[in-house]
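Work through the exercises below with the structure open beside you. Try each task before you read its solution.

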Amino acid sequence: MSRKPFIAGNWKMNMTAASGAKLIAELAPLVKDADCDVALCVPAILIPEMTKAAKGTNIAIGAENVHWADKGAFTGEISAEMLKEYGVKYAIIGHSERRQYFGETDEGVNKRTLAALKNGITPIVCVGETLEERENGLTEKVIARQLEFGLKDVDDIKKVVIAYEPVWAIGTGKTATDEQAQETIAFIRKKIGELFCPMCAQSVIIQYGGSMNAANCKGLMAQPDIDGGLIGGASLKLDFAQIVNYNK
Ligand code: PEP
């Protein structure tokens with residue numbers, strides 16, 4: 001089954017309206033012939049300006065999170081409907097930094113995922129183990145739990161993107177080897193097959209994330225189950241274009 005690769009950036013709490021628009025203007029001509037889908041997930045406050053900056057390009061704009069409620073007394077939060085108004089196509093959900101620093105749980109990931117889907121936004125659901133969990137042989141157990149609870153009640157799993165992001169590889173410069181990433185992503189695909197159906201598992205886009213850069217992207221993207229990347233640090237510079245053009 002052929003799956004269209006998908007490379008997405010995650011700016012985190014970086015960039016301003018001015019520097020972000022400048023980067024998009026510089027990236028646009030470099031990525032225009034990409035064979036993969038391309039997105040930049042940006043801080044919520046930058047979404048209106050970045051949507052304008054990316055207009056007419058093949059760069060889609062995504063959010064870094066989304067709340068589960070349609071509206072209400074949730075100070076500081078942003079709903080899927082609000083994101084949709086600006087043409088947001090993707091929302092990262094359950095990033096390890098959200099889980100680690102903001103107490104997000106698998107249950108919250110599930111509610112956010114369902115809210116995104118209900119509003120036609122593609123959730124990029126992040127899963128991954130900590131170093132301690134890997135060293136204790138718990139990688140598969142942890143990821144199975146994250147998938148089982150995070151994706152509960154999803155009707156059409158093909159509308160969800162999964163990002164496998166080993167926590168120990170995020171922002172550390174320590175990438176999972178091609179084999180480690182492939183092994184765990186193959187496990188994720190198998191688990192999705194069990195939770196949903198084996199055929200749909202073959203259609204689900206699964207990205208790798210964790211210190212992916214211009215130098216290591218080719219090897220990772222050559223793995224049979226790796227369909228793309230979620231890129232943090234390297235999405236803040238023109239290196240992002242090299243990753244997008246990994247096959248050129
Ligand atoms: C991320 O935060 O999603 C990420 C993969 O970051 P980095 O590429 O900087 O490791």
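Four exercises follow, each with a worked solution.

The model is predicted.

**Exercise 1. Overall build**

Task: Count the helices and strands of the protein chain, then decide how its radius of gyration fits the globule rule.

Solution:
- Step 1. The protein chain holds 11 helices and eight strands.
- Step 2. The globule rule gives 18 Å for 248 residues, and the radius of gyration is 17 Å, close to that value, so the chain is as compact as a globular protein of that length.
- Step 3. Now look along the principal axes: the C-alpha trace spans about 45 × 45 × 35 Å.
- Step 4. Add burial, meaning under 20% relative accessible area. Of the 248 residues, 52% are buried.

**Exercise 2. Three strands in a row**

Task: Find the strands that pair with β2, and state the sense of each pairing.

Solution:
- Step 1. Locate β2 at residues 37-42. Five of its six residues are buried, which leaves the strand mostly covered.
- Step 2. Take β1, residues 6-10. It pairs with β2 in the parallel sense, over five bridges. Within this pair, Ala8 stands opposite Ala39 of β2.
- Step 3. Follow the chain between them. From β1 it passes through helix α1 (residues 17-31) to β2, a right-handed β-α-β crossover.
- Step 4. Take β3, residues 59-63. It runs parallel to β2, and five bridges join the two. Here Leu40 stands opposite Ile61 in β3.
- Step 5. Follow the chain again. It goes from β2 through helix α2 (residues 47-54) to β3, and this β-α-β crossover is right-handed.

**Exercise 3. The largest pocket**

Task: Describe the space and the lining of the largest pocket.

Solution:
- Step 1. The space in this pocket is about 570 Å³.
- Step 2. Its lining has 21 residues. Nearest the centre lie Lys12, Glu64, Asn65, Arg98 and Phe102.
- Step 3. Which helix gives the most to the lining? Helix α4, residues 96-102, does, with four residues.
- Step 4. Sort the lining by class: 11 residues are nonpolar, five polar and five charged.

**Exercise 4. The second largest pocket**

Task: Do the same for the second largest pocket, and sort its lining by class.

Solution:
- Step 1. About 260 Å³ of space lies here.
- Step 2. The lining of the second largest pocket counts 19 residues. Gly171, Ser211, Gly232, Gly233 and Ala234 are nearest its centre.
- Step 3. By class, 10 lining residues are polar, five nonpolar and four charged.

Notes. Residues are numbered from 1 along each chain as its sequence is written. This is a predicted model: local features need pLDDT of at least 70, side-chain atom pairs count only at pLDDT 80 or more; totals for chains, interfaces and linings use all residues. Side-chain values use heavy atoms; hydrogens and water are left out. On a 1 Å grid over the protein atoms alone, a cavity is a set of points where a 1.4 Å probe fits but cannot get out, and a pocket is an open set with protein on both sides within 12 Å along at least five of seven lines; lining residues have an atom within 4 Å of a point. Grid points are joined across faces, edges and corners, and a volume is the space filled by probe spheres set on the points. Ala, Val, Leu, Ile, Met, Phe, Trp, Tyr, Cys and Pro count as nonpolar, Asp, Glu, Lys and Arg as charged, and the others, Gly among them, as polar. Buried means under 20% relative accessible area, exposed over 50%, partly exposed in between (1.4 Å probe, protein chains only). Two strands pair if DSSP finds at least two bridges between them. A crossover is right-handed if, with the strands pointing away from the viewer, the path from the first strand over the helix to the second runs clockwise. The radius of gyration is taken over C-alpha atoms; the globule rule is 2.2 Å times the number of residues to the power 0.38.
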